[in-house]
Amino acid sequence: MESSLVKDNPLLLPLNQEKTVYDGFVTVQEQDFRLRIQLPPDRQLRRARLHCSWQLKHLLRGHEHIVKQRLQQSANLVSFMLELKTVVEVGLKSRPECSSIPPPQYYSQLISEMETLGWDKLLSIDTEFRTLRLKAQDSSGRQHILTIKLKSKHPAEAPECSADLPVPLAITWTPQSTLEQLNNQFLLVLESLTEFWDVLDEIDSKTWILEPEKPSRSDTMRRITIGNNVSIKVEVDPRHPKMLPECCLLGAEHVVTPLRNKLNANMHLWLSALSVGFVTPTVLKLRSLIRCVTTLAVDNPSTRPVCMSGCERCPAAGRASALFLESVLTAASLSQ
């Protein structure tokens, strides 16, 4: 048995004559992991104790019950080591990011880049120094988080980046790129979406939102109440937030049908409505669509529309909420 153990695990050696303590490394997929095995005087595996490096412990996370089971059932140390290697292989395959430990240069490079970027921008970092969460702020003061998953060969390999955005996050990366450059690209993406978020923020603040219950920065849809048991669902284009969004009226058919007919019949007036009277491009530039939309009284569609914002060209409204797309739904009133 002893010869088989040494043959299969040449880097795991006994530390005493009784051969109850083994220390060294277990090799799996050409990688060495530190391991120490302490056996009781009677050498019964069921009472053995294992001590391993943090890398090996990380790989065995979630498989501890299997290791304990193998200790109870294995006939000897040779068979147990074979079982242990199998479990480690499973861990390596299920967690490919753990398959290679970064060299020392990786950590020095990371520290240098963070010092250039600024530690104040670091929100958190995991225990493996692989996943970073950076905080950023757009020109309107909204807070955002950029999650970066670095590869072991950083910066030679491009990191995986994600954020709560309504569009895919496209990042340009070269072996000479740095975290500061990546963060600057992220800030440019945020600025390109500022107008979109301005529109949705104003919708959220001035209307009764049914869905989503807790909107995230990646959400492009809003379902808005426009009357008793009647709502409108709108999908805003993040790249063109001033354009007429996709919309769907929801509610009782006898109430929804006339509104839907009016909406379909007057969609062509959307652009003309943006240039007449109080709804001007200059005003809309401040807060896009919601700033100067009009109010629709569902029970009385002929009600004259009024602006909700109280801006220079508009009289202050007497109601407490503004409804998205109301200028379209009341376009008939504008044309009368």
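In the predicted model, Pro212 is placed in the loop between β9 (209-211) and β10. The peptide bond that joins Glu211 to Pro212 is cis, with omega about -10°. A cis bond is also found from His154 to Pro155, where omega is near 5°; Pro155 belongs to the loop between β7 and β8 (160-163). Most peptide bonds are trans, and most residues other than glycine have a negative phi.

Positive phi values occur at Lys19 and Phe129. Lys19, which is not a glycine, has a phi of about 55° and is located in the loop between β1 (12-14) and β2 (21-28). With a relative accessible area of 30%, Lys19 is partly exposed. Phe129, likewise not a glycine, has a phi of about 60° and lies in the loop between β5 and β6. The relative accessibility of Phe129 is 40%, so this residue counts as partly exposed.

The strands that flank Phe129 form a hairpin with five residues between them. Strand β5 (residues 122-125) pairs with β6 in the antiparallel sense, over three bridges. Within this pairing, Ile125 of β5 stands opposite Leu132 in β6.

In soluble globular proteins, nonpolar side chains tend to be buried together. The largest nonpolar core of the model comprises 36 residues, of which Leu165 and Leu179 touch the most other members. At least two residues of this core are supplied by each of α5 (104-117), β6 (131-137), β7 (143-149), α6 (179-192), α7 (194-206), β10 (221-227), β11 (230-235) and α8 (253-265). When neighbours within four places in sequence are set aside, the contacts of Leu165 are Phe186, Val189, Leu190, Leu193, Trp197, Arg217 and Ser218. A second core, separate from the one above, contains 24 residues, including Leu12, Leu59, Leu84 and Val87.

The largest pocket encloses about 280 Å³ of space. Its lining consists of Leu35, Ala48, Arg49, Leu50, Cys52, Lys57, Leu60, Glu64, Val67, Lys68 and Leu71. By residue class, the lining divides into seven nonpolar and four charged residues, with no polar ones. Each of β4 (49-52), α2 (54-60) and α3 (64-73) supplies at least two lining residues, and the greatest contribution, four residues, is that of α3.

Methods:
Residues are numbered from 1 along each chain as its sequence is written. This is a predicted model: local features need pLDDT of at least 70, side-chain atom pairs count only at pLDDT 80 or more; totals for chains, interfaces and linings use all residues. Side-chain values use heavy atoms; hydrogens and water are left out. On a 1 Å grid over the protein atoms alone, a cavity is a set of points where a 1.4 Å probe fits but cannot get out, and a pocket is an open set with protein on both sides within 12 Å along at least five of seven lines; lining residues have an atom within 4 Å of a point. Grid points are joined across faces, edges and corners, and a volume is the space filled by probe spheres set on the points. Ala, Val, Leu, Ile, Met, Phe, Trp, Tyr, Cys and Pro count as nonpolar, Asp, Glu, Lys and Arg as charged, and the others, Gly among them, as polar. A nonpolar core is a set of buried Ala, Val, Leu, Ile, Met, Phe, Trp, Tyr and Cys residues joined through side-chain atoms within 4.5 Å. Buried means under 20% relative accessible area, exposed over 50%, partly exposed in between (1.4 Å probe, protein chains only). Contact means heavy atoms within 4.5 Å. Two strands pair if DSSP finds at least two bridges between them.
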